Amino acid sequence: MPELPEVEVSRLGLLPHLPGQPIVRAIFRIPKLRHALPPELAAELAGKRVRAILRRGKYLLFDCTGDGAADGGWLIIHLGMSGSLRLVPAGTPEQKHDHVDLVFPGTVLRFRDPRRFGAVLWHAGADVERHPSLAVLGIEPLSPGFDGEWLYAATRGRAAPIKPMLMDSHLLVGVGNIYAAEALFRAGIAPTRAAGRIGRERCHALAAAIRATLEDSIAAGGTSVRDYVHSDGGAGSFQVACAVYGRAGEPCRVCGTPIRALRQAGRTTFHCPRCQR
Ligand SMILES: [Zn+2]
């Protein structure tokens, strides 16, 4: 499933090409992905100019607000479980699962989504943060507001284990299973540790570890992007080398103790019982 780093890499790959360009037309080849793709939406998108591309959590936000134009708004794209975006030259024949095209002058932004859980949405008006899908999202882990003090304050009084909390998008966005496990290992914190019992210093270490884990993954993905942008949907596709994730029974790279797997909130968690407390 595309995670925050893959979405950010897609955004970075699109930035040199799309801002300033008009959407000539939108082509929907199926009636719906996660939500309906009505002809009215295609008509709405035609003629809009993309000013900037932002990201909120795993949503890509195309700013089409225009210079005070009353009909401006935001194109919102979510890659879902298996979606990927690609820039292809105009006239490139579509392949299986290429469900949506946004045609720009000379180039096409092509959305492929075999499992059809992705989303292509339009939000009229300037206040995209108020879109129902975005309004419920927690803090951005790569934003300046996210640091050890924030994490310390957010976890006080919480008896729940830290790992599921890190993965709660209402609190903090974009920290998926792999990134939560890896960040906790880097910070030396057990995934089962009660969140409220993690001291201030360790909260600082954890916030830094979350940021570093995501940034490393973005950097690794960035190196594979050239004339197209993609996220192939493979689990951990941009992981440089996982320290714990997927390594049950293998020796910890720090202390040699076998990595353990456990079930937590319905997900498999990997940790080193010696390095993480
Ligand atoms: Zn260890």
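This report covers the overall fold, two covered helices, the zinc site, the largest pocket and two unusual backbone angles.

## Overall fold

The model is predicted. The chain holds seven helices and ten strands. Its radius of gyration is 20 Å, close to the 19 Å that the globule rule gives for 277 residues, so the chain is as compact as a globular protein of that length.

The C-alpha trace spans about 55 × 35 × 30 Å along its principal axes. Of the 277 residues, 51% count as buried.

## Two covered helices

Helix α1 runs over residues 4-14 and is mostly covered. Ten of its eleven residues are buried. They are Leu4, Pro5, Glu6, Val7, Glu8, Val9, Ser10, Arg11, Gly13 and Leu14. Note that the buried set of α1 includes Glu6, Glu8 and Arg11.

Helix α6 covers residues 177-187. Ten of its eleven residues are buried, so α6 is largely enclosed by the rest of the structure. The buried residues begin with Asn177, Ile178, Tyr179, Ala180 and Ala181. Glu182, Ala183, Leu184, Phe185 and Ala187 are buried too. Gly188 comes just after α6 and takes a positive phi of about 70°.

In general, an α-helix has 3.6 residues a turn, so residues three or four places apart point the same way.

## The zinc site

Four cysteines hold the zinc ion through their SG atoms: Cys252, Cys255, Cys272 and Cys275. The coordination distances are 2.2 to 2.4 Å. In sequence, the donor residues follow the spacing C-x2-C-x16-C-x2-C.

The site is tetrahedral, with angles of 101 to 113° among the four donor atoms. For four tetrahedral donors, the ideal angle is 109.5 degrees.

Two of the donor residues can be placed by accessibility. Cys272 has 0% relative accessibility, so Cys272 counts as buried. Cys275 has a relative accessible area of 23%. Buried requires under 20%, so a residue at that value falls outside the class. Cys275 is therefore partly exposed.

## The largest pocket

The largest pocket has a volume of about 600 Å³. It is lined by 29 residues. Closest to its centre are Met1, Glu3, Lys58, His78 and Gly176. Two elements give two or more residues to the lining: strand β8 (119-124) and helix α6.

By class, the lining has 14 nonpolar residues, ten polar ones and five charged ones. Helix α6 thus has two roles in this description: a helix with ten of eleven residues buried, and a contributor to the pocket lining.

## Positive phi outside glycine

Most residues other than glycine have a negative phi. Two loop residues are worth checking in the model.

His97 has a phi near 75°, a positive value in a residue other than glycine. It sits in the loop between β5 (84-89) and β6 (98-104). His97 has 28% relative accessibility, so it counts as partly exposed.

Arg116 is not a glycine, yet its phi is positive, about 60°. It lies in the loop between β7 (107-112) and β8. At 39% relative accessibility, Arg116 counts as partly exposed. Strand β8, on one side of that loop, is also among the elements that line the largest pocket.

Technical notes
Residues are numbered from 1 along each chain as its sequence is written. This is a predicted model: local features need pLDDT of at least 70, side-chain atom pairs count only at pLDDT 80 or more; totals for chains, interfaces and linings use all residues. Side-chain values use heavy atoms; hydrogens and water are left out. Buried means under 20% relative accessible area, exposed over 50%, partly exposed in between (1.4 Å probe, protein chains only). Helices (H or I, at least four residues) and strands (E, at least two) are DSSP runs, numbered from the N terminus. Donors are N, O and S atoms within 2.8 Å of the metal (3.2 Å for Na, K and Ca); water is not among the atoms, so sites may look incomplete. Four donors count as tetrahedral if all angles lie between 85 and 135 degrees; four count as square planar and six as octahedral if opposite donors are over 155 degrees apart and all others between 65 and 115; anything else is irregular. On a 1 Å grid over the protein atoms alone, a cavity is a set of points where a 1.4 Å probe fits but cannot get out, and a pocket is an open set with protein on both sides within 12 Å along at least five of seven lines; lining residues have an atom within 4 Å of a point. Grid points are joined across faces, edges and corners, and a volume is the space filled by probe spheres set on the points. Ala, Val, Leu, Ile, Met, Phe, Trp, Tyr, Cys and Pro count as nonpolar, Asp, Glu, Lys and Arg as charged, and the others, Gly among them, as polar. The radius of gyration is taken over C-alpha atoms; the globule rule is 2.2 Å times the number of residues to the power 0.38.
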